[in-house]
Structure formats: C-alpha cells, structure tokens
Amino acid sequence: MIAVLGAGAAGLMAAIHAAGAGRRVVLLERTKDGGRKILISGGGRCNVLPSQLDPARYVTGSSAATMRNLLKSWPLADQQAFFETTLNIPLALEAETGKLFPVSNKARDIRDGLVRHALGQGVEIRYGARFTGLTAADGGWQVELDGSAPLAASAVVLATGGLSVPATGSDGVGIEVLRGLGHTIHPTYPALTPLTADPPAHASLAGISPVVSIEAPARRKPFRTTGGFLFTHRGYSGPSVLDVSHLAVLSRLNGGPPQPIQVQWSALDASAWEALLAEGGTGTVANLVRRQLVTRLADQLLGEAGIPDDRTLSHLTRDERRELIRVLTRYPLPWTGDEGYKKAEVTGGGVALDEVNPRTLESRRHPGLFLCGELLDAFGPIGGYNFAWAWATGRLAGLGVARGCG
C-alpha cells in the first residue's frame, strides 16, 4: 500500500497517477475536505495554469537545470489536456493576464474534479488524519498519526506543503520530518507575500490599482516584473509586488540593507516622459500627469516631486523635470516589512533538489520516500506557475512511486 500524505494540488495529483498505475493508494489529509489552497486561489476562481511557462521566472536555491527538467516532465499542453479531457473541466484564457481559469470561474470545480477522479481511480481518502512523523519499518514506512494507530505503508509520497497560508492546514510538519530524516532544507521564508510600510505612507491611496513595472536592483542581475499593483491600508500588494517580495523578505532575513524596489507607475519610461514634458506650452504639468495616471496617484507623486499645481509645461525647470521623471519612473517604494506566511502564496526554500531523483522524485537518502510540491526548493511567480509546479511534481512522484512498488 502506498500512503500519500496531503490532499493539496500535488498530493491529489500524486494519488491519481499512482492509483492509475494500478497501485493501492491511501491519501491522508489533516483537514476535513482537502485542497483548500485550490479553493482560495485566484480569488476563488483558481488560476489553474499560465498560458505560457517560462522556467527562468522560477526561483530556487538548488540546481536550476534540475528544476527545469522537473517542469519539463509534464509539458504545459499536456497538463491543460488533463484538466480539459481527463477531468472534463474546460479552461478559458484570460487574455489580459495570460492565465487559464475554469470556464465556470469556480475553484471548487477544480478541487472537486480532482477528488472525484482520485476516487474513481480507487484512491481511499481519509480526512482528519493528522500526520506527525515517519519511521522506517520492515522495508517500508510507518506513518505516525495523531490520535490513531500508525499506518504501515510500502512507500510514502510526502505532499504536505510548506508554511504559507496556515489557515488552509499548512503547518510545516513535512519539512520538519524531512529535516529529522537528514534531508538538507534550504532556509524557508514567505514568498509572494504583500509588503507593509510603517508608517503607511500611502494609506490614503488604498484601493488604487495601476499596472506598473518594478525593478529590484541586484548585484548579479536586476529583477524586473510588470503587472498589477495594489495600494493597501498597510502597504502594497498586487501581482507585481508579490513577485518581487521574496527579495525584500530575504534582505530582512539576511540582516542586510533593505532591498531597494523601484516603481515605474505607467507604461511610459523616462524617455517617453522626457519627450512629453519637453513639448512645452501653456498647459499645466499636473493635467499632463493626470491624463496618464489616476488623479489621486498623480497628485501624490506631483506633491512628492515638489511640482506646484499651477506649474505650466513651459515654466518647468530642468531640475523639476528631472525630479518628476525620477518619481514617475524610478520611485523608491518605502516598504519596511511584509505580511509573512499568513498571506504568502507559497513558501520559499525547502528540500534541496539534488536530494531527490529527478526522474522519480524519490529521496536519494531514503528509498521508498517520494517528495513533491511546495516541500521542494522552487517556486514561481503569480499566474498559475506554482500550480504548474504542483501538478508536474505530483504526477512525477505518483508515477515514480508506482514504478518503485511494481
């Protein structure tokens, strides 16, 4: 019997593929229903996949080549076909974001479809089973459970997730068990999490959501992203902020200076603003900027740049123009902290990728133990990338454990 621990995205996919290969599978889940991150993803719509997958956008402290190979183990087109053909859940492309959602726009359809298919494959699902530890026993494993007798398994797939959004059942127990078993755990941290500002310098702009470009200068290669930005009462969120947040979090954890984050507030770069402002005329600078940005944001930036509301284009000084362009295109975001695991989409760090067999995801330290999903040291940006990782590694671990038990 194969035990799969965790009925999230990766665990459900592992159970489906192991059972599909003819193995007896018991899926243990600590919550009463499983798949809770699926249910809350995409605002309850579930961004199942990105329309295109760029491996360079993933982050890992392990081998980038191994990470790419794991992603290639189940091509994006085949993943999409699984949902649309095998599960009979049609997906629709949201053109402006490049994300794939179920046509129904209901995340529950994805979770329930996976559970239904797992049951159809013969998977036995036990909810409310709180996993606490693993012990090697008689050529297999003994799964320790809180409040009930241990479960004997010939092999185990560990898919317990990380530490992000603990309200969904993520408690990091799998990471600690693997640490105790001697696996190398790259330091974990909240990734894809909102940033905060103390004091909240832009609380008055809460709710404004422009599309921006962000750059985080770095020694080796600057990080750049473009996407939605959201002012909150506590700081900053939105896809662009979440995508860069891991660098901010790491700069704090490493005890170094805060990671600089620079914002370009519109599609206009410095040269485009230079050309607009250089046209001169009797119109005011404020009206020009307000045509490009939401008025409240425009007024905030004009004030910070020291541009009077009645300054005409023809009377804008060179120093004023230089400062305004800096504020509009290289704005230093005044973040001071982050929302941590409570609101983090994923966990950064995790099990070093060189400690699993890249063809099966079997532990190189413990035969019969397979790892997948958020436990592994890799994550991607907002937009379905992390589900693509969960689906691919879950499938690979399920097929791997089925072959290992054949």
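**Figure 1. The whole protein chain holds 12 helices and 21 strands.** Keep in mind as you look around that this is a predicted model. The radius of gyration of the protein chain is 24 Å, close to the 22 Å that the globule rule gives for 406 residues, so the chain is as compact as a globular protein of that length. Along the principal axes, the C-alpha atoms fill a box of roughly 85 × 45 × 35 Å.

**Figure 2. Inside and outside of the protein chain.** Of its 406 residues, 52% count as buried. On the outside, the protein chain exposes about 17,400 Å², and carbon and sulfur atoms supply 50% of that area. How do contacts link up the sequence? Take the contacts between residues at least 6 apart in sequence: 72% of them join residues at least 24 apart.

**Figure 3. Here is an open sheet of three strands, in the order 7-8-9.** The pairing in this sheet is antiparallel. Which strands form the edges? They are strand 7, residues 131–137, and strand 9, residues 148–153, and each of them pairs on one side only. From one strand to the next, the twist averages 25°. As a reminder, strands of a sheet pair through backbone hydrogen bonds, either parallel or antiparallel.

**Figure 4. A closer look at strand 8 and its partner, strand 9.** Strand 8 covers residues 140–145. How many bridges does the pairing of strand 8 and strand 9 span? There are four, and the two strands pair in the antiparallel sense. To find one bridge for yourself, start at valine 143: its bridge partner in strand 9 is leucine 151.

Conventions: Residues numbered from 1 in each chain as written. Predicted model: local features only at pLDDT ≥ 70, side-chain atom pairs only at ≥ 80, totals over all residues. Heavy atoms only, no water. Pairing = 2+ DSSP bridges. Axes fitted to C-alpha atoms, helices over the stretch in contact; angles between N-to-C directions. Rg over C-alpha atoms; globule rule 2.2 N^0.38 Å. Buried < 20%, exposed > 50% of the residue type's maximum accessible area, 1.4 Å probe, protein only. Contact = heavy atoms within 4.5 Å. Areas by Shrake-Rupley, 256 points an atom, 1.4 Å probe, with all protein chains shown as cover.
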